[in-house]
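Dear colleague,

I am handing over the structure below, and after it I set out what was found. Please read the notes with the coordinates open beside you.

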Amino acid sequence: MVKITDVARHAGVSPSTVSYALSGKRPISDETRRRVQAAVRELGYRTHVRAGAGSRVLALAVPMRSGVHVPVVTQFAVSVVTAARAHGHDVLLLTQGEGEEDIGRVAETGLADALVVMDVQLQDPRLPLLRSLPLPSVLIGVPAEPDGLTCVDLDFGAAGELCVDHLARLGHRTVALVGSPPEVYVRRTAFARRLVQGFTAAADRHRIRSAVHPCGTGRGAARAIAERLLREQPGLTGVVAHNEPLLDPLIDAFEELGVRIPEDLSLTAVCPTPVAASARIPLTSVTVPSTELGTRAVHLLVRKLSGAPVPQATLLPPRLTERASTGPRPD
């Protein structure tokens with residue numbers, strides 16, 4: 001079956017331009033429209049009638065890329081499925097590549113009524129297509145330019161600030177952020193970049209010395225980053241970790257190097273509550289509310305399907321819970 005991406009390649013344009021040219025949703029130049037129409041004729045492309053409310057299916061687009069932490073993604077997926085079932089919908093999971101082709105296929109064939117889109121980048125290549133399609137969508141994540149989109153997320157910028165504010169109140173003057181794997185930042189993933197911005201802004205506001213270190217996962221990576229932090233920041237007494245699988249290995253690495261938590265170093269995490277509470281040393285944390293975010297995304301989609309107005313962006317305020325891993329700066 002000829003797909004919208006095939007037409008786009010043949011005409012030398014983007015899939016979203018093909019969609020605009022065929023739907024008339026936005027103005028397209030006559031020359032571009034003629035190229036698209038010629039490609040449609042030559043390839044024998046057929047547009048499909050969207051299933052509409054009759055399909056009772058929502059699609060969840062979450063590319064399984066390097067650096068994605070599958071257990072947390074699974075929590076989001078379960079929350080979307082649970083909320084969708086409460087509204088009488090099933091969920092189709094899309095996990096391939098950058099996701100553009102999957103999204104185009106869903107729109108063309110009427111496999112789903114609407115889309116939930118995850119792992120959003122600041123300049124996400126899926127956004128032009130999402131804006132061009134008649135298929136309603138909600139993003140869990142906020143790109144750099146959210147105009148024309150519906151987004152919901154934790155306010156990760158405020159989360160980074162809240163972690164630093166907490167450490168500053170405890171008297172810490174040198175802090176570090178141990179972040180997600182490097183490829184997450186290379187892709188300019190929105191939540192990771194925004195947390196760095198908030199962390200850095202709060203450190204500057206408090207006049208605290210700070211550093212940011214993307215980090216892989218596993219015990220070797222934990223040991224290497226712990227050694228590097230202690231070597232490069234000899235006055236370090238506070239760490240914020242935004243890397244769920246690294247938390248217990250990081251605790252172990254510091255203790256193996258003779259650094260006690262929280263007596264010598266306070267550790268704060270940004271992660272789901274069960275991860276923080278079950279760590280070997282229960283971690284002070286800002287929770288990533290995966291259940292609430294997935295549920296809200298589905299509720300917004302259901303409202304859009306009914307024609308009701310929805311806000312452009314919904315940012316959930318961060319909540320910090322103190323546990324055993326943070327304490328006053330050592331003398």
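Pro262 sits in the loop between H11 and strand S9 (266-271), and the peptide bond that joins Ile261 to Pro262 is cis, with omega at about 5°. Please keep in mind, here and throughout, that this is a predicted model. Most peptide bonds are trans, and most residues other than glycine have a negative phi, which is the background for the next two residues as well.

Asp119 has a phi near 55°, a positive value in a residue other than glycine, and Asp119 is placed in the loop between strand S3 (114-117) and helix H6 (127-132). Arg207 likewise has a positive phi near 55° and is not a glycine; the loop that holds Arg207 runs between H9 and strand S7 (209-213). In their surroundings the two residues can be set side by side: Asp119 is buried, with a relative accessible area of 11%, whereas Arg207, at 72% relative accessibility, is exposed.

Asp119 also leads to the largest pocket, which holds about 510 Å³ of space. The pocket is lined by 27 residues, and those closest to its centre are His69, Val72, Val73, Asp119 and Phe191. Helix H4 (70-86) and helix H9 (190-205) are the elements that give two or more residues to this lining, and H4 gives the most, with three residues. By residue type, the lining of the largest pocket divides into 16 nonpolar, seven polar and four charged residues.

Turning to charged pairs, side chains of opposite charge can pair when their charged atoms come close. The count for this model comes to 14 salt bridges, of which I describe some here.

One of them is formed by Glu256 and Arg223, whose closest N and O atoms are 3.1 Å apart. Because Glu256 lies in helix H11 (residues 247-256) and Arg223 in helix H10 (residues 219-232), the pair ties together parts that are 33 residues apart in sequence. Glu256 is exposed, with a relative accessible area of 55%, while Arg223 counts as partly exposed at 30% relative accessibility.

A second pair that involves helix H11 is Asp252 with Arg280, and in this salt bridge the closest N and O atoms are 2.8 Å apart. Arg280 lies in the loop between helix H12 (273-277) and strand S10 (284-287) and Asp252 in helix H11, so this pair ties together parts that are 28 residues apart in sequence. Asp252 is buried, with a relative accessible area of 16%, whereas Arg280 is partly exposed, with a relative accessible area of 45%. Asp252 and Arg280 also belong to a network of salt bridges, in which they are linked with Arg219 and Glu255.

Within a single helix, the side chains of Arg296 and Glu292 meet in a salt bridge with an N to O distance of 3.3 Å. Both residues lie in helix H13 (residues 290-305), where they are four residues apart, about one turn of the helix. Arg296 is partly exposed, with a relative accessible area of 34%, and Glu292, at 29% relative accessibility, counts as partly exposed too.

Arg323, in the segment after strand S12 (320-321), may be worth a look of its own. The residue is buried yet has no salt bridge, and the nearest side chain of opposite charge, that of Glu322, is 10 Å away. What does the side chain of Arg323 reach at 2.8 Å? The partner at that distance is the backbone oxygen of Leu283.

For the chain as a whole, the secondary structure comes to 13 helices and 12 strands. The C-alpha trace spans about 75 × 40 × 35 Å along its principal axes, and buried residues make up 53% of the 331 residues in the chain.

With best regards

Key: Residues numbered from 1 in each chain as written. Predicted model: local features only at pLDDT ≥ 70, side-chain atom pairs only at ≥ 80, totals over all residues. Heavy atoms only, no water. Salt bridge = Lys/Arg side-chain N within 4 Å of Asp/Glu carboxyl O. Buried < 20%, exposed > 50% of the residue type's maximum accessible area, 1.4 Å probe, protein only. 1 Å grid on protein atoms, 1.4 Å probe; cavity = no way out; pocket = protein on both sides within 12 Å on 5 of 7 lines; lining within 4 Å. Points joined across faces, edges and corners; volume = space filled by probe spheres on them. Nonpolar A, V, L, I, M, F, W, Y, C, P; charged D, E, K, R; others polar. Lys, Arg positive; Asp, Glu negative; His and termini not counted. Polar contact = N/O pair within 3.5 Å; in protein donor to acceptor, adjacent residues only side chain to side chain.
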